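Here are a few exercises to work through with the model open in your viewer. Try each task yourself before you read the solution.

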Amino acid sequence: MTSIDPTSTTNALSLVNVTLEYPDGDGIVKALDGVDLTVQAGEMVSLVGPSGSGKSSLLATAATLVRPTHGLVIVDGVDATGLADKELTTLRREKIGIIFQQPNLLASLTATEQLLIVDHLRGKSLKAARAKASELLDMVGLGPDAGKRPHQLSGGQRQRVNIARALMGDPKALLVDEPTAALDHDRSDSIVRLLREVTDEFQVATIMVTHDTEFVPLTDAVATMRDGRLSAPVLTAA
């Protein structure tokens, strides 16, 4: 889980001594405090910890949605903290897949169209995007339901669309926020197993924030956050 050179492209995602501070009245809140984390291609790390410990801040910083106060965020060998806003947007669009807790699907669009609109924003051809969308929906088990709209899908199926959508850009890093929070046990199990399969198949670096430690053994390692500090990842037995 660690590397001497965090800029190496074998490390799809590295956070190096990352600190994130927010003003809070007359003081400063340190949401992240000297966080170091490196995830290689094909690795899946669980991130656990109590509410308010900094898990969401870590995910947002790794996703380049928030710039750290200090430290480096390196994605596929590129130092994101050194990029201008436009360059940062391009990096995020091309190299990072984000799976939010709530799928936030557009009510009027079919499962296929949810994926197509993402590639439209990337300027990809419609023909290529349709082929990719079909392939991904098949992979996540939604081929027969590709023409359905969100209200016609179960919670687990909507989360599968969410996963497929995040993969449309062939990301190097996949950042997942509580993917099982709104699902029952069986659907939760199938979603985490799907994320494991996706990590292996696409060789992405996956960080999964989770409150459900039952599924931690499906990942390669688990790291714990507390008060903005991150423990070194501990290998798990899959």
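The protein has six helices and eleven strands, where helices (H or I, at least four residues) and strands (E, at least two) are DSSP runs, numbered from the N terminus. This is a predicted model, so local features need pLDDT of at least 70 and side-chain atom pairs count only at pLDDT 80 or more, while totals for chains, interfaces and linings use all residues. Residues are numbered from 1 along each chain as its sequence is written, and side-chain values use heavy atoms, with hydrogens and water left out.

**Exercise 1.** Work out how the radius of gyration of the protein fits the globule rule.

*Solution.* Start with the rule: 2.2 Å times the number of residues to the power 0.38, with the radius taken over C-alpha atoms. For 238 residues it gives 18 Å, and the protein comes in at 18 Å, so it is as compact as a globular protein of that length. Next, check the box: along the principal axes, the C-alpha atoms fill roughly 50 × 40 × 40 Å. Finally, look at burial: 50% of the 238 residues count as buried (under 20% relative accessible area; exposed is over 50%, partly exposed in between; 1.4 Å probe, protein chains only).

**Exercise 2.** Find the buried residues of helix 3 and say what covers them.

*Solution.* Go to residues 111–121: Ala111, Thr112, Gln114, Leu115, Leu116, Val118 and Asp119 are buried. Now look at their cover, which includes helix 4 (126–139) and helix 5 (155–166) (contact means heavy atoms within 4.5 Å). Then step just past helix 3, where Gly123 takes a positive phi of about 80°.

**Exercise 3.** Pick out some of the salt bridges and say whether their partners are buried or partly exposed.

*Solution.* The structure holds eleven salt bridges, each a side-chain nitrogen of Lys or Arg within 4 Å of a carboxyl oxygen of Asp or Glu.

- One of them joins Asp76 and Lys95 (2.7 Å, N to O). Asp76 sits in the loop between strand 4 (70–75) and strand 5 (78–79), and Lys95 in helix 2 (residues 85–95), so the pair links distant parts of the chain, 19 residues apart. Both Asp76 and Lys95 are buried.
- Lys148 and Asp145 meet at 2.9 Å, N to O. Lys148 counts as partly exposed at 32% relative accessibility, whereas Asp145 is buried at 12%.
- Arg187 and Asp184 meet at 2.8 Å, N to O. Arg187 is partly exposed at 38%, and Asp184 is partly exposed at 38%.

To finish, trace the network: salt bridges that share partners join Glu21, Lys30, Asp33 and Arg229.
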